[in-house]
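Work through these short exercises with the sequence and the model open. Try each task before reading its solution.

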Amino acid sequence: MKKKKLLATLLTATLAFSLTACGGVAEENTAETVVEKAETTTETAEEAQPEAVENKVVDGITSYGGLTAMADADDPITFTYFLRDSGVAPSEDNPFINKIQELTGVTLKYEYLVGDLDQKLGVMMAGGDYPDLIFAGDSATKLMSEGALIPLEDYLPNYPNLWAMYKDTIEEQKQEDGHVYQLEMYAYLNNDGITSAPPIFEAGIGFFVQKAVLEWAGYPEIKTLDQYFDVIEGYLAENPTIDGVATRGFEILNDGWRNWGLINEPQCLMGASNDGAMFVDTTKTPYESSFYQISEEAHTFYKKLNEEYNKGVINAECLTENYDQYIANITSGSVLGFFDQRWNFQQGESLLKNDGKYERTYVAVPVTAPGVTDGYVDGSNGLPTGSNGVGISINCKNPERVLAYFDWLLQREVQDYLRWGVEGTDWNYTDGNSDRVLTDEAREIRRDTAKARDLTGNELAKYTPGWWGLYQDGCAANTDQSAAEYLAQQTEYDQAFLEAYNIQYPAELLSPPTVRPAYYPIWAMNLGDGSEASVVNEKITDLCVKSFSRMVLAKDETEYENLWSTFLTDFDALNTDALKDEVDRQIAAKMGW
Amino acid sequence: MIKKIKTNKALYFMLLPCVAYTFLFSYYPLTGWIMAFQNFKPARGYKGSEFVGLAQFKFLFTDIEFWRSFRNTLAMSLLNLVFSFLFAIVFALLLNEIKNKKFKSITQTVSYLPHFLSWIIVCSLVQTMLSTGSDGVVNNLLMALHIIKEPILFLGEQKLFWWVTTFASVWKETGWNSIIYIAAITGIDQELYEAAELDGAGRFGKMWHVTLPGIRSTIVVLLIMNLGWALNAVFEIPYILGGGLLTDVSQTIDLFVLNYGMKIGNYSLATAAGIFKSVISLILVFGTNRIANKLGENSLM
């Protein structure tokens, strides 16, 4: 087929040349007609022999001819797809998503989350009313134990790209019943050298502080809570308002399930990252789990918060505010610090960037208890998280079609098209073709949430399996994993900031990434529906949320100590062993002990 | 009996759809109560789920959180009931005394408009008004009047939360609730007022001796009906404004069921709590009915 195309092109070129050689307007028109005709012939040739397209394997990824139509593209099908995220569906005019729809015949109809995820899933399960595809995040385990998702391990070997992506970690993806129920979307998975783990530029979790505060303090090294609050206090005293809004020293988000801003810090101070309900000491074998909620670090931490509240650094109101108000506060640029996870405050930060307030954006600092090495940054262990996968429900109309579609999407050409766009208009190679950068226009579009949703393929790529990390040629699979693109995105202010600290990426302020053991994390474990362990887990969270927020607002030290001892008594009254035993059992099972 | 049915055949026939409807939507779902005595898993169904007897109830009744939720539900419902009745009746009485017809109808319309706002909007309004920041109207007012020196964190104070819920719903529902009383008041025979006037009754005398007794049966019927709903009456405000600092006073039975039932997939517990709520509601309804009977009022049953 290639030869025919070449022939047609040659023919056209020759004709065009010979005609232009004669000169004149009329001839030019004729030339165009000929070109058109030649193209038509090529298309007919393609249609006549679709089987002539041969699958080639490049760097381990099978290509079915890139952006060419799938065999059943003329048989349109729509799959409903429930997402654990709240959001807005991409515009119907989205050029990238439309093109993929046209080539595959598959339309994904997103149903975004409204309200509480667990409640929504609970209702879904009670009625047996499942959409075709479900992305339920860390609550997916409920669907699995309910039998709502179909096992995929027997299907996967039939799809070359899906198999290439998942085969090396298939054992780790299996649930305790021996089945694989979902396809991991957001983790780098060990594979046969197709991709390598992506570099980490920024910390995903931690004590964040405004760059302006560090600049004001002369770029100090911050390792302890005292140092952290000292710079915030100092800056707050000199800048009672920022852009006309009263400055807030430290914000604590505590709204429903978004409660980690209040209750998760002690485990990080002890050197963990975002493990979950318990702290696991991995220096011992077998690992020792304990409740960080009642640790000495927790006692010191909330006492410190209480002191800061009494000094006016923490505004009591933040404990009663909801997520939207929290984001609004961050967007105003008047919040100096908080403990959070990057994805949770990202939308606030991107608005700050849009306004050009780069000095009001945030960077994480390695705050820990004295003598503890921080473990904020998760290195990729190449294993599935088990909590970020798409599952196919038992109600799905045509599971094979879905898998063939996912398999098709995993072609390098399609991945590049969805995640990066079109070469030349959206992105260009950097020197040596070993990395890529977006064009300025494409970058502008991606900065604006609404435009990124409506004008790029992001919203489709985000909710389907995709390659993660760096391809063999050095190019990043996704724009946010590309070193060249990351550096290109840094403004002058950011560059000056990084230079002042003499680092290349903000993540270098913290310790190098820690590669996590196989059990990690606890929060993704399935504790069993309605089991004693899950009830206790819920009770611990409820107790911590209400007790810690009260401790922060204590009038003085005596009241604080009273609240702390009441908290300890209440905590002891819970059947915490039920949770600890279950967690220990699952750690041992995952570690093969 | 059969003869009676035969003579009124058409009437019974017309009743049939209603009976079927009631059965289908009010009685048939009660078969689901069996879940409360099982360790129910939707995948296994009623037949396959393990029978656990009263274990779910035991868990509920030994759990301090549940009793706290029960107390909160009862307290908020009763406060809500008392104040919404009081405000609605007084509002209806006062509105009735307004002579200017245009002013009266405008007031009435304006007063029941908040009813059409959704709770999420009302709660945001409450949150903004009670905030300690610059747009917290209530704190600003109290400080301007020198009643308080420092702004109060209304939504962080446990002892204030019940009052916040009560007055939020009073603000929202007073106008709407008073409509029915206003209708009842218009039904009172005008001659009674004239007679009272002859006997020398003033405005308040007429209100007390004519209007109020005139709407007494309406009040009692509404009271009985509302008591049946009392335990369902408060959900939105604690759901939106409660939690966190306020969990101890804001968690209601419904929220408890959401957290410990639906959220962790324990449907049996949710059902058990639902049954408990129904029993309490029945007791409340029959209790009031009894009292109303004793007082010589028309009762519902």
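**Exercise 1. The contact between the chains**

Find how many residues chain B and chain A each bring to their contact.

Solution. The model is predicted, and totals for interfaces use all residues. Start with the count: chain B gives 23 residues and chain A gives 26. Next, look for the helices on the chain B side. α14 (247-250), α15 (253-262) and α16 (267-294) of chain B each supply at least two residues there. The largest share of that side comes from α15(B), with four residues. Finally, sort the chain B side by class: 11 residues are nonpolar, 10 are polar and two are charged.

**Exercise 2. Two helix pairs**

Classify the crossing of α5(B) with α9(B), then that of α13(A) with α14(A).

Solution. Take chain B to begin. Helix α5 (residues 64-96) and helix α9 (residues 158-186) of chain B have axes that come within 6 Å and cross at roughly 45°. Angles under 35 degrees count as roughly parallel, and 65 to 115 as roughly perpendicular. α5(B) is therefore oblique to α9(B). Their crossing is right-handed. The contact of α5(B) with α9(B) has 15 nonpolar, nine polar and one charged residues.

Now chain A. The axes of α13 (residues 323-331) and α14 (residues 342-354) of chain A come within 8 Å, crossing at roughly 30°. So α13(A) and α14(A) are roughly parallel to each other. This crossing is right-handed. α13(A) contributes A:Ile327, A:Ile330 and A:Thr331 to the contact, while residues from α14(A) include A:Phe345, A:Leu351 and A:Leu352. By class, the contact of α13(A) with α14(A) has five nonpolar residues, three polar and one charged.

**Exercise 3. A sheet in chain A**

Work out which strands stand at the edges of the five-stranded sheet.

Solution. Write down the strand order: β4-β3-β5-β17-β6 of chain A, in an open sheet with mixed pairing. Then read off the ends. β4 (106-111) and β6 (182-184) of chain A each have a single partner strand, so one side of each lacks a neighbour in the sheet. From one strand to the next, the twist averages 25°. Now check one pairing. β3 (residues 77-83) of chain A runs parallel to β4(A), joined by six bridges. In that pairing, A:Ile77 has A:Val106 of β4(A) as its bridge partner.

**Exercise 4. One helix of chain B**

Is helix α10 of chain B largely in the open or buried?

Solution. Count the buried residues among the nine of α10 (residues 190-198) of chain B: the number is zero, so α10(B) lies largely in the open. Then look past its end. B:Gly200 follows α10(B) and has a positive phi, near 90°.

Notes:
Residues are numbered from 1 along each chain as its sequence is written. Chains are lettered from A and ligands numbered from 1 in the order in which they are written. This is a predicted model: local features need pLDDT of at least 70, side-chain atom pairs count only at pLDDT 80 or more; totals for chains, interfaces and linings use all residues. Two strands pair if DSSP finds at least two bridges between them. Axes are lines fitted to C-alpha atoms, for helices over the stretch in contact, and angles run from 0 to 180 degrees between N-to-C directions. Angles under 35 degrees count as roughly parallel, over 145 as roughly antiparallel, 65 to 115 as roughly perpendicular and the rest as oblique. A crossing is left-handed if the near helix is turned anticlockwise from the far one by less than a right angle, and right-handed if clockwise. Ala, Val, Leu, Ile, Met, Phe, Trp, Tyr, Cys and Pro count as nonpolar, Asp, Glu, Lys and Arg as charged, and the others, Gly among them, as polar. Two residues are in contact if their C-beta atoms, placed from the backbone, lie within 7 Å. A residue is buried if 20 or more other C-beta atoms lie within 10 Å of its own, exposed if 12 or fewer, and partly exposed in between; C-beta atoms are placed from the backbone.
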